Amino acid sequence: MFVLDGRLRNLPMSALYDGEQFLVENYSIALTPGLQLLEPRAIAEADFSVLTGGLSEARGGFSALPSVREEVERIVSAVPADLLLNETFTEENFKEQFDRSQFPIVHLATHGEFSSNAEDTFVLTWNDRINANELESLLQSETARGATVELLVLSACRTAAGDDRAALGLAGVAVRAGARSTVASLWYISDDATAVLMTEFYQQLA
């Protein structure tokens, strides 16, 4: 368990290497923004369902992510999931689906950017952007209903990147809003490699 400060938050601890092995090969690695830890708890199999949003086509000045379609379709085949893809992945549809049902896992496969300004910190949807404040509000509303997002996966570029003032980016927003665990990327990531990684991730999780 790592509690990191400043620029260290942008370094992947899992990739620490001793000349023979990476740290992640021998240990389960987790980062936390503070020393207040949540009790480890497995997701109940009966409640295992995923709300999946994906954007594979070019939108809003961002390039296409063709492997996103493969990524989300593989997730749907591996675990129980509701899928919003491309034109169905709008901000309105996502909020409506989120409010209608309880999903312990939320997976967003799209472009994302981080800025010190919350309005410029967002994940991209078909017709709009879900910024940091909106995402935090959405997650807090779920907590207020007595439900908990156990895992938020932000399968997008640099969603955990940041600066010394708010270095956890969207991932930090999710943690503050009550999501028990968050998976997010520190740097730009390969579209093809992410599809392979996320497929294996959900197969192992299931």
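Which helix holds both Glu-70 and Arg-74, and how many residues apart are they? Select the pair and you'll land in helix H1, with the two residues four apart, about one turn of the helix. (Helices here are DSSP runs of H or I with at least four residues, strands are runs of E with at least two, and both are numbered from the N terminus.)

Before going on, a word on what you have open: this is a predicted model, where local features need pLDDT of at least 70, side-chain atom pairs count only at pLDDT 80 or more, and totals for chains, interfaces and linings use all residues. Residues are numbered from 1 along each chain as its sequence is written, and side-chain values use heavy atoms, with hydrogens and water left out.

**Stop 1: helix H1**

Stay on Glu-70 and Arg-74 and show side chains. They form a salt bridge, with the closest N and O atoms 2.5 Å apart. (That term takes a side-chain nitrogen of Lys or Arg within 4 Å of a carboxyl oxygen of Asp or Glu.) Glu-70 is partly exposed at 34% relative accessible area, and Arg-74 is partly exposed at 33%. (Buried is under 20% relative accessible area, exposed is over 50%, and partly exposed is in between, using a 1.4 Å probe and protein chains only.)

Now add Arg-69 and Glu-73. They make a salt bridge too, their closest N and O atoms being 3.6 Å apart. Both sit in H1 (residues 67–78), again four residues apart. Arg-69 has 37% relative accessibility, so it counts as partly exposed; Glu-73, at 40%, is partly exposed. A search of the whole structure finds four salt bridges.

**Stop 2: the loop into helix H2**

Select Asn-86, in the loop between strand E2 (81–85) and helix H2 (91–100). Its phi is near 55°, a positive value in a residue other than glycine. Most residues other than glycine have a negative phi. Asn-86 counts as buried because its relative accessibility is 1%.

Move on to H2 and pick Glu-91, Phe-94, Gln-97 and Phe-98, which are buried. Look down the helix axis: these buried residues fall within an arc of 140°, so they line one face of H2. (The arc is that of the directions from the helix axis to the C-beta atoms.) Glu-91 also meets Lys-95 in a salt bridge, 3.0 Å from N to O. The two are four residues apart in H2, so about one helical turn separates them. Glu-91 is buried at 6% relative accessible area, while Lys-95 is partly exposed at 29%.

Add Phe-89 to Phe-94 and Phe-98, and you have one aromatic cluster. (Rings of Phe, Tyr and Trp, the last by its six-membered ring, pair if their centres lie within 6.5 Å; planes under 30 degrees apart count as stacked, over 60 as edge-to-face and the rest as tilted.)

**Stop 3: strand E7**

Which way do the side chains of E7 point? Leu-151, Val-153 and Ser-155 go one way and Leu-152 and Leu-154 the other, and all are buried. Next, bring in the neighbours. Strand E3 (residues 105–109) pairs with E7 in the parallel sense over five bridges, and Ile-105 has Leu-151 as its bridge partner. Strand E8 (residues 181–184) pairs with E7, also parallel, over four bridges; here Leu-152 is partnered by Thr-182. (Two strands pair if DSSP finds at least two bridges between them.)

**Stop 4: the E4-E5-E6 sheet**

Select 112–113, 122–124 and 129–131. The first and last of these ranges are E4 and E6, the edge strands, each pairing on one side only. The three strands form an open antiparallel sheet in the order E4-E5-E6. E5 (residues 122–124) meets E6 over three bridges, and Phe-122 has Asn-131 as its bridge partner in E6.

**Stop 5: two aromatic pairs**

The whole structure has five aromatic pairs. Try Tyr-17 and Phe-22: ring centres are 4.7 Å apart and planes are at 40°, so the pair is tilted. Then jump to Phe-201 and Tyr-202, where centres 5.2 Å apart and planes at 90° make the pair edge-to-face. Phe-201 is partly exposed at 27%, but Tyr-202 is buried at 0%.

**Last stop: before strand E1**

Finish at Ser-28, in the segment before E1. With 75% relative accessibility, Ser-28 counts as exposed. Draw a C-alpha to C-alpha distance to Ser-14: the two serines are 14 residues apart in sequence and 8.4 Å apart in space.
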